[in-house]
Amino acid sequence: MSKKNSAFICQACAYRSAKWAGRCPSCGEWNSIVEEVVNSKSKPVRKSEHIPAKSIQHLEQPELIRIKTPDNELNRVLGGGIVPGSVVLIGGEPGIGKSTLMLQLAIHMQGKFLYVSGEESESQIKMRADRIGIKNDSCFVVSATSLHVILHYIDENDPDVIVIDSVQTLQSEDIESAPGTVSQIRECTNELIRIAKSRHIPLFLIGHITKEGFIAGPKVLEHMVDTVLQFEGDRHHNYRLLRSSKNRFGSTAEIGIYEMLQDGLREVANPSEILISQKNEELSGICIGATIEGARPLMVETQALVSSAVYGTPQRNVNGYDLRRLNMLLAVLEKRCGFRLAQQDVFINITGGLKLEDPAMDLSIVTAILSSYEDIYVPYEYAFAGEVGLSGEVRAVSKLEQRIGEAEKLGFEKIFVSTGNKPLLSKKGGIEVVNVKKVEELFSYLFG
Ligand code: TYD
Ligand code: MG
């Protein structure tokens with residue numbers, strides 16, 4: 001194979017130079033010059049390469065085969081299973097469990113699995129595999145970072161599934177830059193994708209996430225792959241969410257939920273049950289919100305603590321919720337509904353380490369705050385789903401049927417929703433649907 005030529009190209013203006021520079025001499029952009037492989041000779045199209053473009057009416061639609069993995073949550077997020085030849089990028093913070101997720105899949109799956117790790121030694125992987133427990137003779141592990149060594153292993157083992165842990169450790173000899181740089185990641189990933197596509201082998205790439213929450217490396221990486229999954233969660237909590245932000249073979253609305261245990265990740269089939277803690281004590285400041293994560297309805301416990309501020313400026317703190325949204329809700333309660341919260345410290349916690357952005361959680365946040373403020377307990381059999389507007393009105397939310405359905409399934413007696421949700425329901429199966437128009441109305445209903 002002839003050595004490929006590389007050149008340094010500005011990503012902003014496409015200026016080409018022979019050497020790297022911190023600032024592009026052409027457009028003046030900083031840090032935009034990146035090493036790229038260039039094939040200068042453009043070849044003429046050969047006769048055999050010339051295929052006329054087809055009308056869309058005459059294109060054949062191949063039947064999408066999906067390989068069902070033993071991991072139902074992963075199947076769900078991928079849109080029903082792995083598509084042969086598809087490339088899936090899994091991003092997540094360090095220590096969240098990406099390697100565990102993939103190794104677990106490798107161990108549980110039938111067929112030949114090649115797990116390439118550039119991060120851990122073979123003995124470290126073995127230790128992890130022993131924690132997960134099951135033995136599997138067709139799971140092969142190599143510790144390698146060099147692209148041509150990895151390609152050799154792929155040739156030699158002819159696997160059914162490949163995992164690369166992680167793209168940041170890959171290194172191609174055609175490029176001088178260090179592993180983890182944009183040019184290395186792009187070049188190596190390109191080559192691996194080519195292999196996966198030509199041999200119809202599913203390929204999983206693990207990628208780190210930067211402090212800002214992006215997958216480290218070029219944004220093009222996300223364009224190159226078929227599916228981008230994010231593995232997220234709070235490291236101090238055991239729950240992990242697998243979300244897809246791009247999927248060429250399915251919807252991005254699904255999420256997968258796992259629990260990190262001593263012996264690996266466990267699929268959580270019924271998440272609502274674990275997100276609601278003990279039900280036996282009558283505590284104020286706690287209520288249950290009916291939220292939607294991805295396409296799944298979830299019942300989550302919202303906790304609030306309201307207490308008089310000791311120091312001049314009251315504290316507002318959130319865990320799993322948006323602080324600005326809390327400040328807005330507090331302003332609404334103060335200004336529109338007349339609660340004196342300006343001199344109170346307010347703390348909000350969403351249990352289970354979830355981070356919620358669903359506006360339908362407003363109603364349960366407000367209820368939890370008022371319950372703590374008044375020190376009156378809200379029955380555990382009540383659920384809440386509604387957005388609170390700037391004048392204290394309770395607004396309609398999306399997918400209400402699903403929220404009510406989940407609450408009913410879990411045995412809630414009442415669910416409080418907006419009057420704006422049409423059609424107005426009063427009773428649905430075993431659950432009573434209470435329509436409220438304003439926060440004050442809800443307040444007098446609950447704490448009257
Ligand atoms: P890891 O998969 O190494 O994370 P990543 O590849 O995303 O960096 O998992 C990291 C954490 O998971 C580690 O701190 C230990 C914990 N863990 C368990 O709690 N149980 C287990 O069975 C395993 C394998 C790991
Ligand atoms: Mg890892």
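Two strands count as paired here if DSSP finds at least two bridges between them. Keep that in mind for the first stop, and remember that you're looking at a predicted model.

**Stop 1: the open sheet**

Select β1, β2 and β3. These 3 strands make an open sheet, ordered β2-β1-β3, with antiparallel pairing. Out at the edges are β2 (16-17) and β3 (33-38), each of which pairs on one side only. Now hide β2 for a moment and look at β1 (residues 5-10) against β3: the two run antiparallel, joined by 6 bridges. To check the register, pick Ala7 and find its bridge partner in β3, Glu36. While you have side chains switched on, recall that in a regular strand they alternate between the two faces of the sheet.

Bring β2 back and follow the loop that leads to it from β1, where you'll find Ala14. What is the phi of Ala14 like? It's near 65°, a positive value in a residue that isn't glycine.

**Stop 2: a β-α-β unit**

Next, select residues 113-143. Strand β5 (residues 113-117) and strand β6 (residues 139-143) run parallel, with 5 bridges between them. One pair to click on is Phe113 with its bridge partner in β6, Cys139. Add helix α3 (residues 122-132) and you have a right-handed β-α-β unit made of β5, α3 and β6.

**Stop 3: ligand 1**

Keep α3 on screen and show ligand 1, which sits in the second largest pocket. Which elements give two or more residues to the shell around ligand 1? They are α2 (98-108), α3 and β11 (255-261). The largest share, 3 residues, comes from α2. In total 15 residues surround the ligand, and the closest are Gly95, Ser99, Thr100, Leu261 and Gly264.

Zoom in and try a few distances:

- Gly95: a polar backbone atom is 2.7 Å from an oxygen atom of ligand 1.
- Arg128: an N or O atom of the side chain is 2.9 Å from an oxygen atom of ligand 1.
- Arg131: a polar side-chain atom is 3.2 Å from a nitrogen atom of ligand 1.

How much of ligand 1 does the protein bury? Taken alone the ligand exposes 560 Å², and the protein buries 77% of that.

**Stop 4: a cis peptide**

Finally, jump to Asp165 and Ser166. The peptide bond joining Asp165 and Ser166 is cis, with omega at about 5°. Ser166 belongs to the loop between β7 (161-165) and α5 (182-199).

Terms used: Residues numbered from 1 in each chain as written. Chains lettered and ligands numbered in written order. Predicted model: local features only at pLDDT ≥ 70, side-chain atom pairs only at ≥ 80, totals over all residues. Heavy atoms only, no water. Helix = DSSP H or I, 4+ residues; strand = E, 2+ residues; numbered from the N terminus. Right-handed = clockwise from strand over helix to strand, strands pointing away. Near = heavy atom within 4 Å. Polar contact = N/O pair within 3.5 Å; in protein donor to acceptor, adjacent residues only side chain to side chain. Areas by Shrake-Rupley, 256 points an atom, 1.4 Å probe, with all protein chains shown as cover. 1 Å grid on protein atoms, 1.4 Å probe; cavity = no way out; pocket = protein on both sides within 12 Å on 5 of 7 lines; lining within 4 Å. Sits in = over half its atoms within 2 Å of the grid points.
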